[in-house]
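Visitor: Pick one part of this model and walk me through it up close. I'd like to hear how it sits among its surroundings.

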Amino acid sequence: MKKIVFLILFSYVSLLSFSQKESGNVRAGNKLYNNKKYTEAEIEYRKGLEVNKNSFEATFNLGNALYRQGKMDEAMEQYLAAAALQQNESKKVAAAFHNLGNAFMNKKEYQKSIDAYKMALKNNPKDNETRYNYAYAKAMLKKQQEQK
């Protein structure tokens, strides 16, 4: 009986240790990101993902760091991965699709940005910033089509 209790306790402590290390990397990445050190933040977020590949925060924040470095394709991959990790948390999914839409806007892929913003609004219909970006993307698509 003591062995079972010990094993359960050891497993719990080990799990806490891993999550704290991941959280430490994410916190360090956040500090670097807030100081506009996006390359260094990227490294910390990647370290967090080495500890826990299913971390929404590390994945989402890595996408943000990549976005700030102009690495749109890599950022988009991270936003899609982040959305997949939190399928049951609509606000997190909405945030991932909102940022995905921003990345598509940056690349002037307006139809894809519209689609991403629609997904964001489906998950968080009250997000006024996404609603604005959606309308702006539609206007930019219309302008782009008129120029052809």
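Guide: Quick definition before we start: a helix here is a DSSP run of H or I at least four residues long, and helices are numbered from the N terminus. Keep in mind that this is a predicted model.

Let's take helix 5, residues 90–106. The chain around it has seven helices and zero strands. Helix 5 itself has 17 residues and runs 24 Å from its first C-alpha to its last, close to the 24 Å expected at 1.5 Å a residue.

Now for its surroundings. Helix 5 is mostly covered, with 12 of its 17 residues buried, whereas for the whole protein chain of 148 residues the buried share is 39%. Among the buried ones in helix 5 are Val93, Phe97, Leu100, Phe104 and Met105, but also His98, Asn99 and Asn102. The cover over these buried residues includes helix 3, helix 4, helix 6 and helix 7.

Then there's the core. Phe97 and Leu100 are among the residues with the most contacts inside the largest nonpolar core, along with Tyr33, Tyr45 and Phe60. That core has 26 residues, and helices 1 through 6 each supply at least two of them. Apart from it lies another core, of nine residues, including Ile114, Tyr117, Tyr134 and Leu141. As a rule, nonpolar side chains in soluble globular proteins tend to be buried together.

One last detail: just after helix 5 you'll find Lys108, with a positive phi of about 60°.

Methods: Residues numbered from 1 in each chain as written. Predicted model: local features only at pLDDT ≥ 70, side-chain atom pairs only at ≥ 80, totals over all residues. Heavy atoms only, no water. Helix = DSSP H or I, 4+ residues; strand = E, 2+ residues; numbered from the N terminus. Buried < 20%, exposed > 50% of the residue type's maximum accessible area, 1.4 Å probe, protein only. Core = buried A, V, L, I, M, F, W, Y, C linked by side-chain atoms within 4.5 Å. Expected span 1.5 Å × (residues − 1). Contact = heavy atoms within 4.5 Å.
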